[in-house]
Amino acid sequence: MRNTTRTLLASLVAVALGIGAAHAQTAMSGLGQSWPNATDVSTNPHYHVYVFERGGTRYIQINDASGAVRGAFARTPYKLTGLPIGNDSLATPDERLPAPASTVVEPVYNDGAVFVFVAPQPDGTARLMAVPADCKNDPVECTGR
């Protein structure tokens with residue numbers, strides 16, 4: 001009986017810790033803030049990426065190193081959309097833009113289903129591109145005309 005209680009307690013603690021770890025990357029609020037109370041999941045040291053989730057929609061926000069919001073995307077199971085946040089151009093396969101002026105394309109986020117890339121522009125702005133995982137080899141082609 002005593003071992004069963006310990007095993008049950010250990011299982012509950014493990015489940016609780018697992019739930020906390022699973023939610024560490026997504027937040028429920030803070031979208032649009034320079035320094036939201038969310039985990040930075042960026043794969044690039046020059047940018048901060050924060051993920052928020054609500055009602056089955058995942059929001060991916062990209063900030064620069066100083067915390068300025070550059071842009072954000074919303075991902076539902078069926079669509080990837082740029083949000084009216086930040087000052088930079090946003091491109092998706094459904095919301096295409098001409099090829100960026102810069103040939104430098106930096107990966108900043110990858111969740112296995114969506115990749116986000118930033119192409120810094122000569123004028124100080126950036127082109128943010130969000131593409132499905134199958135476009136990862138050429139984000140410009142997937143988001144350009």
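Y109 touches V41, T43, V49, V51, R58, I60, V114, F115 and V116, leaving out residues up to four places away in sequence. This is a predicted model, and Y109 is a good place to start exploring it. Y109 is also one of the residues with the most contacts inside the largest nonpolar core.

**The nonpolar cores**

- The largest nonpolar core has 17 residues, and I62, V108 and V116 join Y109 as those with the most contacts inside it.
- Several strands give two or more residues to this core: β2 (47–54), β3 (57–64), β7 (106–110), β8 (114–120) and β9 (126–132).
- Apart from this core lies another one, of eight residues, including F115, F117, M129 and C135.
- As background, nonpolar side chains tend to be buried together in soluble globular proteins.

**The hairpin of β2 and β3**

- Strands β2 and β3 run antiparallel and are joined by eight bridges.
- One place to look is Y50, which stands opposite Q61 in β3.
- Together β2 and β3 form a hairpin, with two residues between them.
- In the turn of this hairpin you will find G55, which has a positive phi of about 60 degrees.
- Is β2 mostly covered or mostly uncovered? It is mostly covered, with six of its eight residues buried.

**A closer look at T57**

- T57 lies in strand β3.
- Is T57 buried or exposed? Its relative accessibility is 13%, so T57 counts as buried, since the cut-off for buried is under 20%.
- Once neighbours within four places in sequence are set aside, T57 is in contact with F52, A74, R75 and T76.

**The four-stranded sheet**

- Follow the strands in the order β6-β9-β8-β7 and you have crossed an open sheet of four strands, with mixed pairing.
- Which strands stand at the edges? They are β6 (89–91) and β7, and each has a single partner strand, so one side of each is left without a neighbour in the sheet.
- On average, neighbouring strands of this sheet are turned by 20 degrees against each other, direction ignored.
- Within the sheet, how many bridges join β8 to β9? There are seven, and these two strands run antiparallel.
- For an example of bridge partners, find V114, whose partner in β9 is P132. V114 is also among the residues that Y109 touches, which brings us back to where we began.

Definitions and conventions: Residues are numbered from 1 along each chain as its sequence is written. This is a predicted model: local features need pLDDT of at least 70, side-chain atom pairs count only at pLDDT 80 or more; totals for chains, interfaces and linings use all residues. Side-chain values use heavy atoms; hydrogens and water are left out. A nonpolar core is a set of buried Ala, Val, Leu, Ile, Met, Phe, Trp, Tyr and Cys residues joined through side-chain atoms within 4.5 Å. Buried means under 20% relative accessible area, exposed over 50%, partly exposed in between (1.4 Å probe, protein chains only). Contact means heavy atoms within 4.5 Å. Two strands pair if DSSP finds at least two bridges between them. Axes are lines fitted to C-alpha atoms, for helices over the stretch in contact, and angles run from 0 to 180 degrees between N-to-C directions.
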